[in-house]
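Welcome, and please open the viewer so that we can walk through this model together. At each stop you will be told what to select and what is there.

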Amino acid sequence: MMKKILIIGGDKGYYWFKLLKRNGFDCIEPVNPKDMINSIISQNITMVLIDNSSLKLKVEDICKEIRVVSSVFLVVISNNTNDSLVSILKNGADICLKEPIYEEELLARINSLFRTLPKVKSEVYTFNHLQLEKSKHELTYNKKLIPLSQIEIKIIELLINNPNKVLTPSSLINRIWTNKPISQQTLRSYIRNIRDKIRETGFPIDKHLETIWGVGYIWKQDG
């Protein structure tokens, strides 16, 4: 499994980027929090390193937003004395390190997390023969590939990751189209296409992907 690291914000973002590249890691150049979800989904990220030295958002909120869509490793580097390590860990971080830190310690911690990959590398959701393989962004039913676009995969993955919970159109749009939001009418078209494509396979999609009119969409996992 490829070990790809995304770095989010912070004055020292490029410092960590150069350090990790120098030590053989495959890294994506630092991005702002508003771009992180799109990068995580589109580039098959394995780990996110968050440097909060100049972030406007609370690091706990960033962790929670990432956890909605992904189970990537989260490593937080904090230089804020007011940050609570316990709170950051409770909100989804795997490791939280306080500045100043030794480069060797950071590298060792990252390698330690990557050594656990055999336990988590098969990130597969299976329900009534419907299978979503998140690392490949593929959806199959009875082992037959359903020809969804990458955007459609992102939508169904968000819904599946939040079973029995209504997601509003605005929440779906803001999480997937971070740079240029689409209209709710366009989102409805995507949802219709998803239903049509999955229905053609014989999976009872209408029992599980429901529209709650005036509220949003829900993935019903029971039944």
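Leaving aside its neighbours within four places in sequence, which residues is Ser39 in contact with? Select Ser39 and show what surrounds it: the contacts are Leu6, Val31, Asn44 and Ile45. Before going further, please keep in mind that this is a predicted model.

**Stop 1: Ser39 and its surroundings**

Stay on Ser39 for a moment, and you will find it in helix H2. Is Ser39 buried or exposed? With a relative accessible area of 8%, Ser39 is buried, because the cut-off for that word is under 20%. Now show the side chain of Ser39, which reaches the backbone oxygen of Asp35 at 3.1 Å. Next, pick the C-alpha atoms of Ser39 and Leu6: they are 7.9 Å apart in space, while the two residues are 33 residues apart in sequence.

**Stop 2: the whole of helix H2**

Widen the selection to helix H2, residues 33-42. Seven of its ten residues are buried, and H2 is mostly covered. Colour the buried ones: Pro33, Asp35, Met36, Ile37, Ser39, Ile40 and Ile41. What covers these residues of H2? Strand E1 (4-8), strand E2 (26-31) and strand E3 (47-51) are part of the cover, and H3, H7 and H8 are also included. Just after H2, select Asn44, which takes a positive phi of about 50°.

**Stop 3: helix H8**

From H2, move on to helix H8, residues 169-176. Six of its eight residues are buried, so helix H8 is largely enclosed by the rest of the structure. To see them, select Pro169, Ser171, Leu172, Ile173, Arg175 and Ile176. The cover over these buried residues includes helix H2, helix H3 (59-69), helix H7 (150-160), helix H9 (184-199) and strand E11 (216-219).

**Stop 4: a pocket**

How do we look for gaps in a model? Rolling a probe the size of a water molecule over the atoms shows where empty space is left. In this model, the second largest pocket holds about 160 Å³ of space. Which residues line the second largest pocket? Select Pro33, Lys34, Glu65, Val68, Asn174, Arg175 and Thr178 to show the lining. H2, H3 and H8 each supply at least two residues of that lining. By kind, the lining residues divide into two nonpolar, two polar and three charged.

**Stop 5: Leu20 in helix H1**

Now select Leu20, found in helix H1 (residues 13-22). Leu20 is buried, with a relative accessible area of 0%. Not counting residues up to four places away in sequence, what does Leu20 touch? Show Ile5, Ile7, Phe25, Cys27, Leu49, Leu107 and Ile110 around Leu20. For a longer view, pick the C-alpha atoms of Leu20 and Ile153: they are separated by 30 Å, and the residues are 133 residues apart along the chain.

**Stop 6: backbone details in the loops**

A little background helps with this stop. Most residues other than glycine have a negative phi, and most peptide bonds are trans.

- Select Glu99 and Pro100, where the peptide bond from Glu99 to Pro100 is cis, with omega near -5°. Pro100 is found in the loop between strand E5 (95-98) and helix H5 (103-114).
- Go on to His129, in the loop between strand E6 (124-127) and strand E7 (130-133). Phi of His129 is near 75°, a positive value in a residue other than glycine. His129 is exposed, with a relative accessible area of 57%.
- Then choose Asn142, in the loop between strand E8 (138-141) and strand E9 (144-145). Asn142 is not a glycine, yet its phi is positive, at about 50°. At 48% relative accessibility, Asn142 counts as partly exposed.

**Last stop: confidence along the chain**

Finally, colour the chain by pLDDT. The mean pLDDT of the chain is 85, and 93% of its residues reach 70 or more. Over residues 118-122, however, the pLDDT is below 50. Select that stretch to end the tour: beyond near neighbours in sequence, residues 118-122 have two contacts in the model.

Key: Residues are numbered from 1 along each chain as its sequence is written. This is a predicted model: local features need pLDDT of at least 70, side-chain atom pairs count only at pLDDT 80 or more; totals for chains, interfaces and linings use all residues. Side-chain values use heavy atoms; hydrogens and water are left out. Buried means under 20% relative accessible area, exposed over 50%, partly exposed in between (1.4 Å probe, protein chains only). Helices (H or I, at least four residues) and strands (E, at least two) are DSSP runs, numbered from the N terminus. Contact means heavy atoms within 4.5 Å. pLDDT is the predictor's confidence in each residue, from 0 to 100. A polar contact is a pair of N or O atoms within 3.5 Å; within protein, one must be able to donate a hydrogen and the other to accept it, and residues adjacent in sequence count only if both atoms are side-chain atoms. On a 1 Å grid over the protein atoms alone, a cavity is a set of points where a 1.4 Å probe fits but cannot get out, and a pocket is an open set with protein on both sides within 12 Å along at least five of seven lines; lining residues have an atom within 4 Å of a point. Grid points are joined across faces, edges and corners, and a volume is the space filled by probe spheres set on the points. Ala, Val, Leu, Ile, Met, Phe, Trp, Tyr, Cys and Pro count as nonpolar, Asp, Glu, Lys and Arg as charged, and the others, Gly among them, as polar.
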